[in-house]
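Here are my notes on this structure, set out as numbered points. Please keep the model open beside you and find each residue as you read.

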Amino acid sequence: MDNNNQNNQNNDNNETTPTPQTRKRGGLTLTKVAVTALVAGLLGGGAAYGGITYFNNSGINDTAVPSGSNSTGNTKTSNVTVNVSSQSTKAFNKVKGAMVSVVNLQKQNNNSTLGQLFGQESSSSDSSSSKAALEEASEGSGVVYKKDGNTAYIVTNNHVVSGSSALRVVTSSGKQLQAKLVGKDSVTDLAVLKVNGASLKTVASFGNSDDIKVGETALAIGSPLGSQYATSLTEGIISAKKRTIETTNSAGTQTGNATVIQTDAAINPGNSGGALINVGGQVVGITSSKIASDAEGTSVEGMGFAIPSNEVVNIINQLVKKGKVVRPALGITYVDLANVSSSQQKSVLKLPSSVDAGVVVMSASADSPAKKAGLAKYDVITELGGHEISDQSTLRDLLYKYKLNDTVSLTYYHNGKKQTTKVKLTETSAQLSKTTSATSES
């Protein structure tokens, strides 16, 4: 579910009602709200007086209040006799010490807008100190999952740490620790941090996400709205084990699809990177996103998503070892066939009318798997490993299911003629020097 700068929303009219400030936590915009006491107030003195007059004239029995002594004052509480212990409580107590808040610190603009309006300029010394100034841009959640000596490792979302100049972790006990980014992966939206964990005693364990069942209890723990509400617990169920949702980058461009766990446990801004656990206290997912409204603006409740623990473990192990996730690539830039006009599909690509989906190769880098397999500019890839390709995200999803040095069959059209070849996949190629916003690379 990055762009985390604090901003003020201005009212469009001239009313003087104060507008709430907004911040982003874990990549989601949130509004600071005022907590209102649950007391009904009188609507002005006139209404109060009129009410009193009415009741006095209605013959209410005006018996005097007894004048007995107030000296006893012996009301007491009694011990709670209900056994409040439950599986959910035990699961929470098992994990809560491993939960942290993750604060994204970013460098702020050199000169203030107000100062510029009055012609104020910073000196070189002021400028250098201002450049070094860091402010909280957003907050998310994280889970301590491993300790090696005094080094503690924390998993969170990539979008929680995106754009950070520095990172801070706030433990469940309120202690603040400097954090270092070990590695991050935008494709799966996961990141790993490390801190001095001498004071951290609890480490969460991962459960097998393949074993969860629809309808079983799911507990979400995180810092909704930030560390002020750290280690908040919400309860729901597993709504779906494998739900496919679209993933996008910071520019809003679709980058592929993700298979996630769906839950109706309440997930709010700041919960990103937190834990979805079972009643045994095992982490079965890392909460990452939710649907708040549909495309037409209809409000939606109880549709949150978490990255399955089996995928989390696979990715974070790679991030700790290599600092990145290495994926196979074809070494090409390409566009969706749907973005090419029908006339150009016939005149330039020379495609038969039966071909209506695929991706068009725009370039193939030297010594790339695609180049070695004979692919060239304007070839149209329609299948990978026997699976049809409908668009860019489909190609990425299929490609990322393979490992380095795997050999896979590839079907494509060259000058209108269907061909099949074998491609040996290698590591992701370097970015080509020239790409367009409509062009992707794999």
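1. Start with the largest nonpolar core. This is a predicted model. The core has 39 residues, and the members that touch the most other members are V143, V155, L193, V195 and I277. Strand β9 gives the most to this core: five residues. A second core, separate from this one, has 20 residues. Among them are Y334, L384, L395 and Y412.

2. Now look at V155. Which residues is V155 in contact with, leaving aside neighbours within four places in sequence? They are G142, V143, Y145, L190, A191, F206, G273, I286, V312 and I316. Note V143 in that list; V143 is also named among the core members with the most partners.

3. Step back to the whole chain. The secondary structure comes to nine helices and 24 strands. The chain has 442 residues, and 39% of them are buried. The exposed surface is about 25,200 Å². Carbon and sulfur atoms supply 48% of that area.

4. Strand β9 deserves its own point. Five of its seven residues are buried, so β9 is largely enclosed by the rest of the structure. β9 pairs with two strands listed here. With β6, β9 runs antiparallel and shares six bridges. One of the residue pairs is T151 with N196 in β9. With β8, β9 also runs antiparallel, through five bridges. Here D185 has L190 in β9 as its bridge partner.

5. Check the turn between β8 and β9. These two strands form a hairpin, with four residues between them. D189 sits in the turn and has a positive phi of about 60°.

6. Pick one residue of β9 and follow it. V192 lies in this strand. Is V192 buried or exposed? The cut-off for buried is under 20% relative accessible area. V192 has a value of 0%, so V192 counts as buried. Outside the residues up to four places away in sequence, V192 touches Y145, Y153, I154, K180, L181, V182, G183, I316, L319 and V320. Measure one distance yourself: V192 and A179 are 10.0 Å apart, C-alpha to C-alpha. In sequence, V192 and A179 are 13 residues apart.

7. Helix α6 covers residues 309-322. Test its length. It has 14 residues, and at 1.5 Å a residue the helix should span 20 Å. The expected span takes 1.5 Å times one less than the number of residues. The end C-alpha atoms are 20 Å apart, so the model agrees with the expectation. Just after α6, G323 takes a positive phi of about 80°.

8. Which residues of α6 are buried? They are S309, V312, I315, I316, Q318 and L319. Their cover includes the strands β5, β6, β8, β9, β14 and β15. The contacts above fit in here: V155 is in contact with V312 and I316, while V192 touches I316 and L319.

9. Compare two other helices. In α2 (residues 87-95), the buried residues are S88, A91, F92 and V95. Seen down the axis of α2, they fall within an arc of 100°, so they line one face of the helix. Helix α9 (residues 392-399) has seven of its eight residues buried, so α9 is largely enclosed by the rest of the structure. The buried residues of α9 are Q392, S393, T394, L395, R396, L398 and L399. L395 is also a member of the second core.

10. Strand β4 (residues 99-107) is another enclosed element. Eight of its nine residues are buried, so β4 is largely enclosed by the rest of the structure. β4 pairs with β5 in the antiparallel sense over nine bridges. In this pairing N104 stands opposite S138 in β5. β4 also joins β7 (residues 166-171) through six bridges, again antiparallel. There V102 stands opposite V169.

11. Finish with backbone angles. Most residues other than glycine have a negative phi. Two asparagines are worth checking against that. N405 has a positive phi, near 75°, and is found in the loop between α9 and β21. N415 has a positive phi of about 55°. Its place is the loop between β21 and β22.

How values were computed:
Residues are numbered from 1 along each chain as its sequence is written. This is a predicted model: local features need pLDDT of at least 70, side-chain atom pairs count only at pLDDT 80 or more; totals for chains, interfaces and linings use all residues. Side-chain values use heavy atoms; hydrogens and water are left out. Buried means under 20% relative accessible area, exposed over 50%, partly exposed in between (1.4 Å probe, protein chains only). Contact means heavy atoms within 4.5 Å. A nonpolar core is a set of buried Ala, Val, Leu, Ile, Met, Phe, Trp, Tyr and Cys residues joined through side-chain atoms within 4.5 Å. Two strands pair if DSSP finds at least two bridges between them. Accessible areas come from the Shrake-Rupley method with a 1.4 Å probe; for residues, only the protein chains shown count as cover. The arc is that of the directions from the helix axis to the C-beta atoms.
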